[in-house]
Amino acid sequence: MPTPIPEPILEALIEAAHRARQNAHAPYSQYLVGAAVWANQQIFAGCNVENAAYPVGICAERGALAAAVAHGATAIDALVIVAQDAASPCGMCRQAIAEFGPRIPVCLVSATDGTRIHTDMGTLLPMQFSLSTAPP
Ligand code: THU
């Protein structure tokens, strides 16, 4: 069972992710994503930013993560993702987020019908790659 995200924080994260999603730059896929993390008692949000050179685009989750880290907020205690269908994060984002905690609670939210799926990084990315477990 994932550690529950405290209710007021969860609602604030969902609101922030919804707002960020409205700013998504997704002219190629039309697939809008917003994400928000709770880090060092603050909210940092991100959205997907696509590019005409497709691989240059970045996902919402890594945008939110980068914003938090840029502010020195690396104690990440929760992640919320809002997409049309309560989408699960891509593999690259899973590895990026798990860097900051293998058990971070995650809530996947549907912007269409409000469905909320509660999970955590341990479920989304078991046996993550980590240098700390590598031999010296
Ligand atoms: N996308 C995200 O923002 N997060 C994910 O975890 C998966 C996909 C974005 C990338 C692209 O802009 C659009 O969704 C369609 O793949």
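This note walks through charged pairs, an aromatic pair, the ligand site and one helix in a predicted model.

1. **Salt bridges overall.** How many salt bridges does a search of the whole structure find? The search finds three. The next three points take them in turn.

2. **Glu-11 and Arg-116.** These two side chains meet in a salt bridge, at 2.9 Å from N to O. The pair links distant parts of the chain. Glu-11 sits in helix 1, while Arg-116 sits in strand 5, which covers residues 116-120. They are 105 residues apart. Glu-11 is partly exposed, with a relative accessible area of 31%. Arg-116 is partly exposed too, at 36% relative accessibility.

3. **Arg-19 and Glu-15.** This salt bridge stays inside helix 1, where both residues lie. They are four residues apart, about one turn of the helix. The closest N and O atoms are 3.1 Å apart. Arg-19 has a relative accessible area of 47%, so it counts as partly exposed. Glu-15 has 42% and is likewise partly exposed.

4. **Arg-103 and Asp-120.** Here the closest N and O atoms of the salt bridge are 3.0 Å apart. Arg-103 lies in the loop between helix 3 and strand 4 (105-110), and Asp-120 lies in strand 5, so the pair ties together parts that are 17 residues apart in sequence. Are the two partners buried or exposed? Arg-103 is exposed, with a relative accessible area of 52%. Asp-120 is buried, with just 3%.

5. **Arg-94, a buried charge.** Arg-94 is found in helix 3, residues 91-98. Arg-94 is buried, yet it has no salt bridge. Which side chain of opposite charge is nearest to Arg-94? It is Glu-61, 7.7 Å away. A salt bridge needs a nitrogen-to-oxygen distance within 4 Å, so this pair does not count as one. Arg-94 does touch other residues. Leaving out residues up to four places away in sequence, they are Ser-88, Pro-89, Met-121, Leu-124 and Leu-125.

6. **Glu-50, another buried charge.** Glu-50 lies in the loop between strand 2 and helix 2. Glu-50 is buried and has no salt bridge. The nearest side chain of opposite charge is Arg-62, at 11 Å. A polar atom of the Glu-50 side chain does lie 3.1 Å from the backbone nitrogen of Tyr-28. Tyr-28 is also among the residues that Glu-50 touches. The others are His-25, Ala-26, Pro-27, Ser-29 and Gly-57, again not counting residues up to four places away in sequence.

7. **The aromatic pair.** A search of the whole structure finds one aromatic pair. Tyr-28 and Tyr-54 form it, with 5.5 Å from centre to centre. The planes are 45 degrees apart, and the pair is tilted. Tyr-28 is in the loop between helix 1 (7-21) and strand 1 (34-39). Tyr-54 is in the loop between strand 2 (42-47) and helix 2 (60-70). The two are 26 residues apart, and the pair links distant parts of the chain. Tyr-28 is partly exposed, at 42% relative accessible area. Tyr-54 is exposed, at 61%.

8. **Around the ligand.** Which residues are around the ligand? They are Ser-29, Tyr-31, Val-33, Asn-48, Glu-50, Cys-59, Ala-60, Glu-61, Pro-89 and Cys-90. Glu-50, from point 6, is in this group. Polar atoms of Asn-48, Glu-61 and Cys-90 can be listed by distance to an oxygen atom of the ligand:
   - Asn-48: 2.9 Å, from a polar side-chain atom.
   - Glu-61: 2.7 Å, from an N or O atom in the side chain.
   - Cys-90: 2.9 Å, from a polar backbone atom.

9. **Helix 2.** Which residues of helix 2 are buried? They are Ala-60, Glu-61, Arg-62, Ala-64, Leu-65 and Ala-68. Ala-60 and Glu-61 are also among the residues around the ligand. The buried residues of helix 2 pack against strand 1, strand 2, strand 3 (76-83) and helix 3. After the helix comes Gly-72, whose phi is positive, near 80 degrees.

Terms used:
Residues numbered from 1 in each chain as written. Predicted model: local features only at pLDDT ≥ 70, side-chain atom pairs only at ≥ 80, totals over all residues. Heavy atoms only, no water. Phe/Tyr/Trp six-rings, centres within 6.5 Å; stacked < 30°, edge-to-face > 60°. Buried < 20%, exposed > 50% of the residue type's maximum accessible area, 1.4 Å probe, protein only. Lys, Arg positive; Asp, Glu negative; His and termini not counted. Contact = heavy atoms within 4.5 Å. Near = heavy atom within 4 Å. Polar contact = N/O pair within 3.5 Å; in protein donor to acceptor, adjacent residues only side chain to side chain.
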